[in-house]
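Work through the exercises below with the coordinates open. Each one ends in a worked solution.

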Amino acid sequence: MRKALPPRRVPAMAQLARQLYLDGAPIAEIARRTALKPSQVYYWIDREVASDGTVTLKPAARRVTLAPGTRSASPARGHLLSRLWRAAERQLDEIEQRLAAAVPPEADAPAGPPRPAADAEKDARALAVLARTLRELSALEAEAHKSRKVKAEDDAVRDLDTFRRELARRLERLRADGAGAEPAE
C-alpha cells in the first residue's frame with residue numbers, strides 16, 4: 001500500500017507525471033516513479049501545474065496503444081461508448097463543482113464571488129447538451145446490444161443453413177451411389 005503524498009509534493013509529482021506522459025513513458029512507469037496511482041496519473045496528465053502551484057485544466061492528447069495482434073487503432077464500439085459515458089460524467093462533475101462553489105453551504109456562510117450570468121447560461125447550455133448526449137448514448141447502446149443479438153441469431157441461422165446444405169449433399173451422394181437401402185413397400 002502506498003503512502004499518501006504530503007500536499008506540498010502533489011503538484012511537483014503532478015507536473016512530473018504529466019511531463020513523463022508527454023515524453024512517452026508508460027502509465028505503469030509513471031505511477032512507479034511518482035508514487036501516484038494510475039487513476040491519479042490520468043487525473044494529473046490532464047492538468048498543468050505552474051511553478052507557483054496553480055493548477056489549470058489542460059488535457060493532454062491521449063496515446064493510442066495497440067495490443068499485440070491488433071490490426072488498427074480504431075477502438076471497438078463498446079469501448080468508445082464507455083469513453084463517451086466517462087467524458088459525460090466528468091463534464092457533469094465539473095458543472096456540479098462550479099454550482100457547489102457558487103452556493104454557500106449554510107444560510108449564514110458568506111457566498112464566494114457572485115457567478116456572472118454568462119457562466120450560469122453556459123452551464124445551462126452544457127447541461128442541455130449533456131442531457132442530449134446521454135440520451136443519444138443510451139440509444140446507441142441499445143442499438144449496439146440489439147445488433148449484437150441480431151448478429152448472433154444470424155450466425156446461428158447461417159450455421160444451420162450450412163448444415164442443411166451439407167446434409168442434403170451427403171444424402172444426394174448416398175442416393176447416387178446406391179449405398180442407401182431401398183424403402184420397404
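**Exercise 1.** Classify Tyr-43 and Trp-44 by burial in this predicted model.

*Solution.* Start with Tyr-43. Its relative accessible area is 42%. Exposed needs over 50% and buried needs under 20%, so Tyr-43 is partly exposed. Next, Trp-44. Its relative accessible area is 13%. That is under the 20% cut-off, so Trp-44 is buried.

**Exercise 2.** Find the aromatic pairs in the whole structure and give their geometry.

*Solution.* The search returns 1 aromatic pair. The partners are Tyr-43 and Trp-44, with 5.1 Å centre to centre. The planes stand at 85°. Over 60 degrees counts as edge-to-face, so this pair is edge-to-face. Now check the face of Tyr-43. Arg-47 lies over that face, at 3.7 Å from the ring centre.

**Exercise 3.** Locate the buried and exposed residues of helix H2 (residues 27-34).

*Solution.* List the buried residues: Ile-27, Ile-30, Ala-31 and Thr-34. They cover an arc of only 100° around the axis, so they sit on the same side of H2. Turn to the face away from that buried side. There, Ala-28 and Arg-32 are exposed. Then step past the helix. Ala-35 follows H2, with a positive phi near 60°.

**Exercise 4.** Which helices supply at least two residues each to the largest nonpolar core?

*Solution.* The core has 15 residues. Those touching the most other members are Tyr-21, Ile-27, Ile-30, Leu-36, Val-41 and Trp-44. H1 (10-22), H2 and H3 (38-45) each supply at least two core residues. H1 gives the largest share, 5 residues.

Methods:
Residues numbered from 1 in each chain as written. Predicted model: local features only at pLDDT ≥ 70, side-chain atom pairs only at ≥ 80, totals over all residues. Heavy atoms only, no water. Phe/Tyr/Trp six-rings, centres within 6.5 Å; stacked < 30°, edge-to-face > 60°. Buried < 20%, exposed > 50% of the residue type's maximum accessible area, 1.4 Å probe, protein only. Lys NZ or Arg CZ within 6 Å of the ring centre and 35° of its normal. Helix = DSSP H or I, 4+ residues; strand = E, 2+ residues; numbered from the N terminus. Arc of directions from axis to C-beta. Core = buried A, V, L, I, M, F, W, Y, C linked by side-chain atoms within 4.5 Å.
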